[in-house]
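Good morning, colleagues. Today I should like to discuss how helices pack in one protein and how its domains meet. Please look at the sequence and the structure first.

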Amino acid sequence: MVSGEYVDNLSAIDWGNVSKVSIIACGSSYNAGMVAKYWFESYAKIPVEIDFASEFRARNVIYDKKGVYIFISQSGETLDTLSALKEAKKQNVTTIGLINNLNSSIANLSDYLIPIEAGVETSVAATKSFIAQLMKLLNLVLMASKQKNIITQSSYLGMLSDFNSEIAKLCDILSVNRKIIEISKAITQAKNVIFIGRNHMYPICLEGALKLKELSYLPVFAIAAGELKHGSIALVDEDSLIIGLAPKNDVYNKTLSSIEEVKARGAKIVLLTDSKDNIDVEYLFNMPKCPDILAPLFYTVPLQLFAYQTALGLGRNVDRPRNLAKSVTVE
Ligand code: F6R
(Lines give C-alpha, C1' and ligand atoms only; values in the text may rest on other atoms or scores of the structure.)
Protein backbone atom coordinates (compact mmCIF):
# COMPACT_ATOMS: atom_id res chain seq x y z
CA MET A 1 0.00 0.00 0.00
CA VAL A 2 1.04 3.61 -0.43
CA SER A 3 2.25 4.47 3.05
CA GLY A 4 4.46 7.56 2.89
CA GLU A 5 6.57 6.01 5.66
CA TYR A 6 9.90 6.56 4.00
CA VAL A 7 9.23 10.26 3.43
CA ASP A 8 11.51 11.34 6.32
CA ASN A 9 14.40 9.54 4.70
CA LEU A 10 14.13 11.92 1.74
CA SER A 11 13.13 15.12 3.50
CA ALA A 12 16.58 16.62 2.99
CA ILE A 13 15.93 16.90 -0.74
CA ASP A 14 14.61 20.34 -1.67
CA TRP A 15 12.45 19.43 -4.66
CA GLY A 16 11.80 23.09 -5.48
CA ASN A 17 15.50 23.37 -6.30
CA VAL A 18 15.79 20.18 -8.32
CA SER A 19 16.38 21.16 -11.95
CA LYS A 20 15.77 17.69 -13.37
CA VAL A 21 15.39 14.06 -12.44
CA SER A 22 17.44 11.37 -14.19
CA ILE A 23 16.22 7.79 -13.98
CA ILE A 24 18.59 4.91 -14.66
CA ALA A 25 17.54 1.23 -14.71
CA CYS A 26 17.23 -1.94 -16.80
CA GLY A 27 14.33 -4.11 -17.98
CA SER A 28 11.15 -3.91 -15.93
CA SER A 29 12.74 -1.43 -13.55
CA TYR A 30 13.33 0.85 -16.55
CA ASN A 31 9.67 0.52 -17.55
CA ALA A 32 8.60 1.51 -14.03
CA GLY A 33 10.97 4.47 -14.31
CA MET A 34 9.33 5.54 -17.56
CA VAL A 35 5.93 5.66 -15.87
CA ALA A 36 7.54 7.87 -13.23
CA LYS A 37 8.77 10.21 -15.98
CA TYR A 38 5.16 10.90 -17.01
CA TRP A 39 4.13 11.29 -13.36
CA PHE A 40 7.01 13.61 -12.39
CA GLU A 41 6.37 15.88 -15.35
CA SER A 42 2.59 15.99 -14.90
CA TYR A 43 2.30 16.16 -11.13
CA ALA A 44 5.60 17.61 -9.83
CA LYS A 45 6.51 19.72 -12.89
CA ILE A 46 10.09 18.45 -12.92
CA PRO A 47 11.71 17.50 -16.26
CA VAL A 48 12.89 13.91 -16.43
CA GLU A 49 15.39 12.05 -18.57
CA ILE A 50 15.52 8.28 -18.48
CA ASP A 51 18.23 5.88 -19.63
CA PHE A 52 18.86 2.19 -19.79
CA ALA A 53 21.78 1.79 -17.40
CA SER A 54 23.90 0.33 -20.20
CA GLU A 55 23.26 3.40 -22.38
CA PHE A 56 23.84 5.78 -19.48
CA ARG A 57 27.28 4.21 -19.26
CA ALA A 58 27.77 4.25 -23.01
CA ARG A 59 27.00 7.92 -23.65
CA ASN A 60 28.76 11.05 -22.44
CA VAL A 61 26.33 12.14 -19.75
CA ILE A 62 26.25 15.86 -19.00
CA TYR A 63 25.75 15.85 -15.23
CA ASP A 64 23.60 18.50 -13.61
CA LYS A 65 24.65 19.36 -10.05
CA LYS A 66 21.06 20.36 -9.25
CA GLY A 67 19.71 17.13 -10.67
CA VAL A 68 18.56 14.07 -8.73
CA TYR A 69 19.67 10.68 -10.09
CA ILE A 70 17.32 7.77 -9.33
CA PHE A 71 18.61 4.21 -9.73
CA ILE A 72 15.86 1.58 -9.79
CA SER A 73 16.65 -2.08 -9.22
CA GLN A 74 14.78 -4.99 -7.68
CA SER A 75 17.93 -6.97 -6.96
CA GLY A 76 20.19 -4.02 -6.20
CA GLU A 77 22.97 -5.92 -7.96
CA THR A 78 22.42 -5.35 -11.69
CA LEU A 79 25.90 -4.63 -12.94
CA ASP A 80 25.08 -1.87 -15.42
CA THR A 81 22.91 -0.04 -12.88
CA LEU A 82 25.53 -0.40 -10.16
CA SER A 83 28.31 0.81 -12.47
CA ALA A 84 26.20 3.80 -13.55
CA LEU A 85 25.61 4.65 -9.89
CA LYS A 86 29.34 4.49 -9.17
CA GLU A 87 29.93 6.90 -12.07
CA ALA A 88 27.27 9.31 -10.76
CA LYS A 89 28.78 9.17 -7.25
CA LYS A 90 32.13 10.28 -8.69
CA GLN A 91 30.35 13.34 -10.09
CA ASN A 92 29.05 14.25 -6.64
CA VAL A 93 25.37 14.43 -7.61
CA THR A 94 22.45 13.42 -5.39
CA THR A 95 21.54 9.76 -5.85
CA ILE A 96 18.48 7.80 -4.77
CA GLY A 97 18.28 4.00 -4.90
CA LEU A 98 14.83 2.44 -5.26
CA ILE A 99 15.69 -1.10 -4.26
CA ASN A 100 13.96 -4.28 -3.12
CA ASN A 101 16.98 -6.15 -1.78
CA LEU A 102 18.25 -3.86 0.95
CA ASN A 103 21.40 -5.93 1.52
CA SER A 104 22.68 -5.05 -1.91
CA SER A 105 25.45 -2.99 -3.46
CA ILE A 106 23.15 -0.34 -4.94
CA ALA A 107 21.25 0.02 -1.66
CA ASN A 108 24.52 0.49 0.20
CA LEU A 109 25.96 3.02 -2.19
CA SER A 110 22.98 5.34 -2.81
CA ASP A 111 22.75 8.62 -0.87
CA TYR A 112 19.07 8.02 -0.22
CA LEU A 113 17.22 4.73 -0.18
CA ILE A 114 13.61 3.97 -1.03
CA PRO A 115 12.85 0.35 -0.12
CA ILE A 116 10.50 -1.25 -2.66
CA GLU A 117 9.14 -3.55 0.07
CA ALA A 118 7.81 -6.19 -2.33
CA GLY A 119 9.17 -9.08 -0.26
CA VAL A 120 11.42 -11.72 -1.77
CA GLU A 121 10.64 -12.26 -5.44
CA THR A 122 11.60 -15.75 -6.52
CA SER A 123 10.23 -15.91 -10.06
CA VAL A 124 12.65 -14.58 -12.65
CA ALA A 125 10.05 -12.26 -14.18
CA ALA A 126 9.54 -9.12 -12.13
CA THR A 127 5.85 -8.90 -11.31
CA LYS A 128 5.01 -7.90 -7.75
CA SER A 129 8.23 -5.85 -7.58
CA PHE A 130 7.13 -3.89 -10.69
CA ILE A 131 3.81 -2.97 -9.07
CA ALA A 132 5.56 -2.10 -5.81
CA GLN A 133 8.09 0.07 -7.69
CA LEU A 134 5.20 1.99 -9.27
CA MET A 135 3.61 2.57 -5.88
CA LYS A 136 6.83 3.86 -4.36
CA LEU A 137 7.54 6.08 -7.36
CA LEU A 138 4.04 7.52 -7.21
CA ASN A 139 4.50 8.29 -3.55
CA LEU A 140 7.80 10.01 -4.32
CA VAL A 141 6.25 12.12 -7.08
CA LEU A 142 3.38 13.20 -4.83
CA MET A 143 5.80 14.03 -2.05
CA ALA A 144 7.79 16.26 -4.43
CA SER A 145 4.53 17.80 -5.65
CA LYS A 146 3.45 18.56 -2.08
CA GLN A 147 6.84 20.05 -1.20
CA LYS A 148 6.58 22.33 -4.25
CA ASN A 149 3.04 23.34 -3.20
CA ILE A 150 1.55 21.96 -6.38
CA ILE A 151 -0.73 19.83 -4.24
CA THR A 152 -1.62 20.67 -0.63
CA GLN A 153 -0.79 18.54 2.40
CA SER A 154 -4.46 17.65 2.84
CA SER A 155 -4.97 16.67 -0.79
CA TYR A 156 -1.74 14.65 -0.59
CA LEU A 157 -3.02 12.70 2.41
CA GLY A 158 -6.46 12.42 0.78
CA MET A 159 -4.92 11.00 -2.38
CA LEU A 160 -2.91 8.44 -0.43
CA SER A 161 -5.97 7.22 1.38
CA ASP A 162 -8.06 7.20 -1.84
CA PHE A 163 -5.33 5.19 -3.52
CA ASN A 164 -5.42 2.56 -0.84
CA SER A 165 -9.15 2.07 -1.33
CA GLU A 166 -8.96 2.28 -5.15
CA ILE A 167 -6.25 -0.35 -5.27
CA ALA A 168 -8.69 -2.83 -3.71
CA LYS A 169 -10.53 -2.73 -7.06
CA LEU A 170 -7.61 -4.58 -8.59
CA CYS A 171 -9.14 -7.74 -7.15
CA ASP A 172 -12.04 -7.27 -9.60
CA ILE A 173 -9.59 -7.86 -12.44
CA LEU A 174 -8.41 -11.10 -10.91
CA SER A 175 -11.96 -12.46 -10.97
CA VAL A 176 -12.27 -12.39 -14.78
CA ASN A 177 -10.05 -15.37 -15.38
CA ARG A 178 -12.19 -16.83 -18.19
CA LYS A 179 -11.61 -13.77 -20.38
CA ILE A 180 -7.91 -13.82 -19.60
CA ILE A 181 -7.64 -17.43 -20.76
CA GLU A 182 -9.63 -16.65 -23.92
CA ILE A 183 -7.28 -13.76 -24.76
CA SER A 184 -4.22 -15.90 -23.98
CA LYS A 185 -5.41 -18.42 -26.56
CA ALA A 186 -5.74 -15.64 -29.13
CA ILE A 187 -2.19 -14.54 -28.28
CA THR A 188 -0.90 -18.05 -28.93
CA GLN A 189 -2.60 -18.18 -32.32
CA ALA A 190 -1.31 -14.81 -33.56
CA LYS A 191 1.66 -14.42 -35.88
CA ASN A 192 2.76 -11.40 -33.88
CA VAL A 193 1.42 -9.48 -30.92
CA ILE A 194 1.69 -5.70 -30.68
CA PHE A 195 0.85 -3.64 -27.61
CA ILE A 196 -0.12 -0.04 -28.30
CA GLY A 197 -0.83 2.87 -25.99
CA ARG A 198 -0.04 6.52 -25.40
CA ASN A 199 1.23 8.64 -22.56
CA HIS A 200 1.68 6.67 -19.32
CA MET A 201 0.18 3.61 -21.02
CA TYR A 202 3.19 3.39 -23.35
CA PRO A 203 5.58 2.15 -20.64
CA ILE A 204 2.86 -0.27 -19.55
CA CYS A 205 2.80 -1.57 -23.14
CA LEU A 206 6.58 -2.03 -22.89
CA GLU A 207 6.16 -3.92 -19.65
CA GLY A 208 3.27 -6.07 -20.93
CA ALA A 209 5.32 -6.96 -24.02
CA LEU A 210 8.44 -7.73 -21.99
CA LYS A 211 6.52 -10.03 -19.64
CA LEU A 212 4.75 -11.80 -22.50
CA LYS A 213 7.87 -12.36 -24.61
CA GLU A 214 10.08 -13.50 -21.76
CA LEU A 215 7.55 -16.05 -20.53
CA SER A 216 6.07 -17.26 -23.84
CA TYR A 217 9.01 -16.74 -26.29
CA LEU A 218 6.54 -15.36 -28.86
CA PRO A 219 7.27 -12.39 -31.16
CA VAL A 220 5.86 -9.48 -29.20
CA PHE A 221 6.31 -5.73 -29.69
CA ALA A 222 5.29 -2.55 -27.87
CA ILE A 223 4.78 0.59 -29.88
CA ALA A 224 3.73 4.08 -28.84
CA ALA A 225 0.41 4.33 -30.69
CA GLY A 226 1.40 7.52 -32.49
CA GLU A 227 4.54 5.83 -33.85
CA LEU A 228 2.67 2.98 -35.59
CA LYS A 229 2.40 4.75 -38.90
CA HIS A 230 6.11 5.57 -38.91
CA GLY A 231 7.09 2.03 -39.83
CA SER A 232 5.74 -0.65 -37.50
CA ILE A 233 2.30 -0.79 -39.08
CA ALA A 234 4.01 -2.75 -41.88
CA LEU A 235 4.04 -5.71 -39.46
CA VAL A 236 0.26 -5.67 -39.14
CA ASP A 237 -1.99 -7.99 -41.12
CA GLU A 238 -4.95 -10.33 -40.48
CA ASP A 239 -2.74 -12.69 -38.44
CA SER A 240 -1.65 -9.97 -35.99
CA LEU A 241 -3.13 -9.44 -32.56
CA ILE A 242 -3.11 -5.87 -31.26
CA ILE A 243 -3.51 -5.24 -27.54
CA GLY A 244 -4.61 -1.64 -27.04
CA LEU A 245 -4.59 0.13 -23.68
CA ALA A 246 -7.14 2.92 -23.69
CA PRO A 247 -8.22 4.37 -20.36
CA LYS A 248 -10.83 7.11 -20.88
CA ASN A 249 -8.48 10.09 -20.58
CA ASP A 250 -7.20 12.99 -22.70
CA VAL A 251 -5.60 10.69 -25.28
CA TYR A 252 -8.40 8.11 -25.40
CA ASN A 253 -9.78 9.24 -28.78
CA LYS A 254 -6.33 9.25 -30.35
CA THR A 255 -5.67 5.73 -29.12
CA LEU A 256 -9.00 4.61 -30.58
CA SER A 257 -7.99 6.12 -33.95
CA SER A 258 -4.83 4.00 -33.85
CA ILE A 259 -7.00 0.95 -33.12
CA GLU A 260 -9.10 1.79 -36.18
CA GLU A 261 -5.94 1.95 -38.31
CA VAL A 262 -4.83 -1.56 -37.35
CA LYS A 263 -8.38 -2.89 -37.62
CA ALA A 264 -8.47 -1.67 -41.20
CA ARG A 265 -5.45 -3.93 -41.87
CA GLY A 266 -7.43 -6.95 -40.63
CA ALA A 267 -5.72 -7.36 -37.25
CA LYS A 268 -7.66 -8.82 -34.33
CA ILE A 269 -8.00 -6.46 -31.39
CA VAL A 270 -7.91 -6.82 -27.63
CA LEU A 271 -8.97 -3.52 -26.09
CA LEU A 272 -8.53 -2.75 -22.41
CA THR A 273 -10.62 0.23 -21.40
CA ASP A 274 -12.83 1.60 -18.66
CA SER A 275 -14.95 3.40 -21.24
CA LYS A 276 -18.55 2.30 -21.64
CA ASP A 277 -18.55 3.25 -25.34
CA ASN A 278 -19.83 0.63 -27.71
CA ILE A 279 -16.56 -0.40 -29.35
CA ASP A 280 -16.53 -3.15 -31.96
CA VAL A 281 -13.46 -5.31 -31.29
CA GLU A 282 -12.91 -9.07 -30.96
CA TYR A 283 -11.96 -8.93 -27.28
CA LEU A 284 -13.19 -6.11 -25.08
CA PHE A 285 -11.61 -6.22 -21.62
CA ASN A 286 -13.54 -3.99 -19.24
CA MET A 287 -11.31 -2.28 -16.70
CA PRO A 288 -12.56 -0.81 -13.43
CA LYS A 289 -12.76 2.99 -13.36
CA CYS A 290 -9.83 4.56 -11.56
CA PRO A 291 -8.20 8.00 -11.32
CA ASP A 292 -5.98 8.43 -14.41
CA ILE A 293 -2.88 8.75 -12.24
CA LEU A 294 -3.44 5.14 -11.11
CA ALA A 295 -4.11 3.68 -14.55
CA PRO A 296 -0.52 2.33 -14.94
CA LEU A 297 -0.98 0.20 -11.82
CA PHE A 298 -4.37 -1.07 -12.90
CA TYR A 299 -3.52 -1.89 -16.52
CA THR A 300 -0.36 -3.79 -15.54
CA VAL A 301 -2.30 -6.51 -13.74
CA PRO A 302 -4.21 -8.03 -16.70
CA LEU A 303 -1.07 -7.86 -18.85
CA GLN A 304 0.85 -9.86 -16.27
CA LEU A 305 -2.01 -12.37 -16.26
CA PHE A 306 -2.02 -12.61 -20.07
CA ALA A 307 1.70 -13.45 -19.93
CA TYR A 308 1.16 -16.00 -17.18
CA GLN A 309 -1.77 -17.79 -18.83
CA THR A 310 -0.13 -17.76 -22.27
CA ALA A 311 3.04 -19.28 -20.87
CA LEU A 312 1.06 -21.92 -18.95
CA GLY A 313 -0.92 -22.75 -22.11
CA LEU A 314 2.32 -23.24 -24.04
CA GLY A 315 3.78 -25.41 -21.28
CA ARG A 316 6.56 -22.94 -20.48
CA ASN A 317 8.19 -22.71 -17.08
CA VAL A 318 6.64 -19.46 -15.84
CA ASP A 319 9.06 -19.07 -12.94
CA ARG A 320 12.26 -19.97 -14.78
CA PRO A 321 12.10 -18.83 -18.40
CA ARG A 322 14.95 -19.94 -20.60
CA ASN A 323 18.16 -17.90 -20.99
CA LEU A 324 17.35 -15.52 -18.12
CA ALA A 325 18.75 -14.93 -14.65
CA LYS A 326 17.01 -13.16 -11.79
CA SER A 327 19.96 -10.90 -11.19
CA VAL A 328 22.13 -9.78 -14.11
CA THR A 329 25.59 -9.32 -12.66
CA VAL A 330 27.46 -9.43 -15.97
CA GLU A 331 27.65 -6.89 -18.81
C1 F6R B 1 11.89 -8.76 -16.42
C2 F6R B 1 12.96 -8.64 -15.44
C3 F6R B 1 14.20 -7.93 -15.84
C4 F6R B 1 14.70 -7.05 -14.70
C5 F6R B 1 16.06 -6.42 -15.07
C6 F6R B 1 16.54 -5.46 -14.01
O7 F6R B 1 10.81 -9.47 -15.91
O8 F6R B 1 12.86 -9.12 -14.35
O9 F6R B 1 13.99 -7.16 -16.99
O10 F6R B 1 13.75 -6.07 -14.44
O11 F6R B 1 17.00 -7.44 -15.26
O12 F6R B 1 16.72 -6.10 -12.81
P13 F6R B 1 16.81 -5.30 -11.46
O14 F6R B 1 15.53 -4.61 -11.24
O15 F6R B 1 17.11 -6.33 -10.42
O16 F6R B 1 17.95 -4.32 -11.63
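**Helix packing and the domain contact**

H1 and H5 are roughly parallel to each other, because the angle between them is about 25° and angles under 35 degrees count as roughly parallel. I should say at once that this is a predicted model. In that model, H1 covers residues 27-44 and H9 residues 201-216, while H5 covers residues 128-147 and H11 residues 295-313.

Let me stay with H1 and H5. Their axes are 9 Å apart, and H1 passes H5 in a right-handed crossing. On the H1 side, the residues in contact are Ser28, Ser29, Asn31, Ala32, Gly33, Val35, Ala36, Trp39, Phe40, Tyr43 and Ala44. On the H5 side, they meet Phe130, Gln133, Leu134, Leu137, Leu138, Leu140, Val141, Ala144 and Ser145. Sorted by class, this contact has 14 nonpolar residues, 6 polar residues and no charged ones.

I turn now to the domains. The domain assignment places domain 1 at 8-153 and domain 2 at 173-313. How far apart do the C-alpha centres of domain 1 and domain 2 lie? The separation is 27 Å. To the contact, domain 1 gives 17 residues and domain 2 gives 18 residues. Between them the two domains bury about 1500 Å², and 74% of that area is on carbon and sulfur atoms. Which three residues supply the most of the area that domain 1 buries against domain 2? They are Asn31, Tyr38 and Ile131, with 29% of it.

Two helix pairs deserve a closer look here. The first pair for discussion is H1 with H9, which pack at an angle of about 165° with their axes 8 Å apart. That angle makes H1 roughly antiparallel to H9. H1 passes H9 in a left-handed crossing. In H1, Gly27, Ser28, Asn31, Met34, Val35 and Tyr38 take part, and in H9 they meet Tyr202, Pro203, Ile204, Leu206, Glu207, Leu210 and Lys211. The residues of this contact divide into 8 nonpolar, 3 polar and 2 charged.

The other pair is H5 with H11. Their packing angle is about 175°, and their axes are 10 Å apart. H5 and H11 are therefore roughly antiparallel to each other. Phe130, Ile131, Leu134, Met135 and Leu138 of H5 make this contact with Pro296, Leu297, Thr300, Val301 and Gln304 of H11. By class, there are 8 nonpolar and 2 polar residues, and no charged residues.

To close, I return to Asn31. Asn31 is among the H1 residues that meet H5, and Asn31 is also among those that meet H9. Thank you for your attention.

Methods:
Residues are numbered from 1 along each chain as its sequence is written. This is a predicted model: local features need pLDDT of at least 70, side-chain atom pairs count only at pLDDT 80 or more; totals for chains, interfaces and linings use all residues. Side-chain values use heavy atoms; hydrogens and water are left out. Axes are lines fitted to C-alpha atoms, for helices over the stretch in contact, and angles run from 0 to 180 degrees between N-to-C directions. Helices (H or I, at least four residues) and strands (E, at least two) are DSSP runs, numbered from the N terminus. Angles under 35 degrees count as roughly parallel, over 145 as roughly antiparallel, 65 to 115 as roughly perpendicular and the rest as oblique. A crossing is left-handed if the near helix is turned anticlockwise from the far one by less than a right angle, and right-handed if clockwise. Contact means heavy atoms within 4.5 Å. Ala, Val, Leu, Ile, Met, Phe, Trp, Tyr, Cys and Pro count as nonpolar, Asp, Glu, Lys and Arg as charged, and the others, Gly among them, as polar. Domain bounds come from an automatic or database domain assignment. Buried area is the accessible area (1.4 Å probe) that two parts lose on being put together, summed over both.
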